[in-house]
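Open the model in your viewer and keep the sequence panel beside it. The stops below can be selected one after another.

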Amino acid sequence: MTAFLWLLASIGAGTGLALQSRVNGELGARLEHGMLAALISFGIGTAVLALLLVVWPGARAGVRRLIGVIRDGSMPWWYATTGLLGAFLVATQGIVVGTLGVALYTVGVVAGQTMSGLAVDRMGLGGLARKAITPPRVVGAVLALVAVGLALVGTGELEGAWLIVLPFLAGLLQSLQQAMGGLVQRHAQSAIAQTVSNFVVGTIALALFVLVQTALGVRGAPLPTEPWLYIGGLLGIVFIALMSVAVHHLGVLTMGLGVICGQVVTSVLLDVVFPAGHPVTIWSLLGAGLTIAAVGVSAIRRPVRRKARSA
């Protein structure tokens with residue numbers, strides 16, 4: 001039952017990621033500046049976390065523990081740089097989604113994440129327990145790829161398709177980010193501390209990048225006025241915190257498939273409720289259903305055989 005609840009949490013994280021992709025993609029398109037959209041998303045998230053640290057003593061204690069384990073060397077300092085990977089993911093949202101849409105963006109992330117999830121689990125990266133590559137896990141990964149392919153059949157959105165390389169790389173790195181983030185959360189004993197680390201590092205990196213772009217003459221359009229375009233950072237806080245804890249209960253691959261399930265289903269619902277030139281087809285619905293099946297298959301565990309007691 002505990003594993004099932006954490007699987008639901010990972011699906012919820014995927015829902016947040018899909019919503020964030022749509023929001024940041026739209027913001028990047030309005031600003032005509034994908035990196036600036038990513039900086040705004042991370043900056044707002046960092047500001048919210050700063051307020052949370054002011055009013056929540058437990059969050060401050062978690063940050064102090066994280067600083068302590070970095071200082072005494074019990075956790076390598078570079079594990080706290082997962083914000084760089086998160087910044088790259090958010091930057092690809094602002095750059096790619098406006099051109100290819102959430103569906104094609106998702107297939108890139110899913111393909112990369114599914115390929116790297118097996119490897120990260122098998123090697124036990126980030127201090128996580130190694131997980132064998134069992135037939136159900138392999139079948140679940142393959143079904144996830146097939147599901148996303150089905151969801152994209154007949155879209156015909158091939159213009160600028162080379163951009164899908166960016167979310168594919170982001171997906172490859174996301175499994176590593178989840179593993180490293182899980183270790184940071186375990187050392188700090190606080191999902192909020194891991195989230196703070198992620199946002200602070202990511203905001204600094206994006207700010208430096210945008211500063212260089214500005215010096216080179218890159219300018220964005222005026223800021224749009226719709227409030228919903230600025231909730232990407234809040235969504236990021238939720239799904240990063242959820243994933244940093246869920247990865248310990250499910251492993252990178254199964255948690256990743258749960259995230260994929262949330263992403264795909266939410267992407268279909270977004271296109272139904274808030275169409276943006278990406279009509280829902282029967283293939284999209286079949287893909288969403290198959291993704292849910294993939295998550296179920298990947299969660300199958302072999303029953304533990306008890307040794308018979310000797311007479």
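Begin with the surface of the whole chain, bearing in mind that this is a predicted model. The protein chain exposes about 14,400 Å², and carbon and sulfur atoms supply 72% of that area. Of its 311 residues, 50% count as buried.

Switch to a cartoon view. The protein chain has 10 helices and zero strands, giving the pattern α-α-α-α-α-α-α-α-α-α along the sequence. Among contacts in the protein chain with a separation of 6 or more, 86% are between residues 24 or more positions apart.

**Select 57-71.** This is helix H3, with 15 residues. From first C-alpha to last, H3 reaches 21 Å, close to the 21 Å expected at 1.5 Å a residue. Show the side chains of Ala59, Ala61, Val63, Leu66 and Val69, and mark Gly62 as well: these residues of H3 are buried. What do the buried residues of H3 pack against? Add 34-55, 165-188 and 191-215 to the selection: the partners are helices H2, H6 and H7, respectively. Then move just past the end of H3 to glycine 73, which takes a positive phi of about 80 degrees.

**Select Phe42 and Phe199.** The structure holds two aromatic pairs. Phenylalanine 42 and phenylalanine 199 form a tilted one, at 5.0 Å centre to centre with 40 degrees between the planes. Because phenylalanine 42 lies in helix H2 and phenylalanine 199 in helix H7, the pair ties together parts that are 157 residues apart in sequence. Are these rings buried or exposed? Phenylalanine 42 counts as buried because its relative accessibility is 2%, and phenylalanine 199 is likewise buried at 2%.

**Select Trp78 and Tyr79.** The ring centres of tryptophan 78 and tyrosine 79 are 4.3 Å apart and their planes are at 25 degrees, so this pair is stacked. Tryptophan 78 is partly exposed, with a relative accessible area of 41%, whereas tyrosine 79 is buried at 12%. The cut-off for buried is under 20%.

**Select Val48, Trp228, Ile231 and Leu234.** Return to the surface view for the last stop. These residues make a nonpolar surface patch of about 310 Å². Within the patch, pick out isoleucine 231, which sits in the loop between H7 and helix H8 (232-250). Its relative accessibility is 32%, so isoleucine 231 counts as partly exposed.

How values were computed:
Residues numbered from 1 in each chain as written. Predicted model: local features only at pLDDT ≥ 70, side-chain atom pairs only at ≥ 80, totals over all residues. Heavy atoms only, no water. Helix = DSSP H or I, 4+ residues; strand = E, 2+ residues; numbered from the N terminus. Expected span 1.5 Å × (residues − 1). Buried < 20%, exposed > 50% of the residue type's maximum accessible area, 1.4 Å probe, protein only. Contact = heavy atoms within 4.5 Å. Areas by Shrake-Rupley, 256 points an atom, 1.4 Å probe, with all protein chains shown as cover. Patch = residues over 30% accessible without salt bridge, like charges linked within 9 Å, V, L, I, M, F, W, Y side chains within 5 Å. Salt bridge = Lys/Arg side-chain N within 4 Å of Asp/Glu carboxyl O. Phe/Tyr/Trp six-rings, centres within 6.5 Å; stacked < 30°, edge-to-face > 60°.
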